[in-house]
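Q: Could you take a close look at one residue in this protein and tell me how it sits in the fold?

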Amino acid sequence: MSANQPNFFSVIVSVLAALFGVQTEQNRQRDFNKGHPGVFIAVGVFFIVLFVATLLLVVNLVLP
């Protein structure tokens, strides 16, 4: 693993920042140049599914 290659925690932080739209240019460049796309896609899909499941849970708890 290269010193500049993002570790798994960095991938999670990058995906969350990208989902919120606050990713820094430096991290975005690092992710595109050193990261593996499959890891970012998998983590992104996981967090989107988690987000949708949380929304469904909240709606089902609020509505009778």
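A: Here's a walk around Asp-31, starting from the residue and then stepping back to the whole chain.

First, the housekeeping: this is a predicted model, where local features need pLDDT of at least 70 and side-chain atom pairs count only at pLDDT 80 or more, while totals for chains, interfaces and linings use all residues. Numbering runs from 1 along each chain as its sequence is written, and side-chain values use heavy atoms, with hydrogens and water left out.

Asp-31 sits in helix H2, residues 25-34 (helices are DSSP runs of H or I with at least four residues, strands are E runs of at least two, numbered from the N terminus). Its relative accessibility is 10%, so it counts as buried (under 20% relative accessible area, with a 1.4 Å probe and protein chains only). The Asp-31 side chain makes a polar contact of 3.0 Å with that of Arg-30; such a contact is an N or O pair within 3.5 Å, one able to donate a hydrogen and the other to accept it, and for residues adjacent in sequence both must be side-chain atoms. Setting aside neighbours within four places in sequence, Asp-31 touches Pro-6, Ser-14, Gln-23 and Phe-40 (contact being heavy atoms within 4.5 Å).

Zooming out, the protein has three helices and zero strands, in the order α-α-α from the N terminus. Its C-alpha trace spans about 50 × 20 × 15 Å along the principal axes. As for burial, 19% of the 64 residues count as buried, and Asp-31 is one that does.

Methods
Buried < 20%, exposed > 50% of the residue type's maximum accessible area, 1.4 Å probe, protein only.
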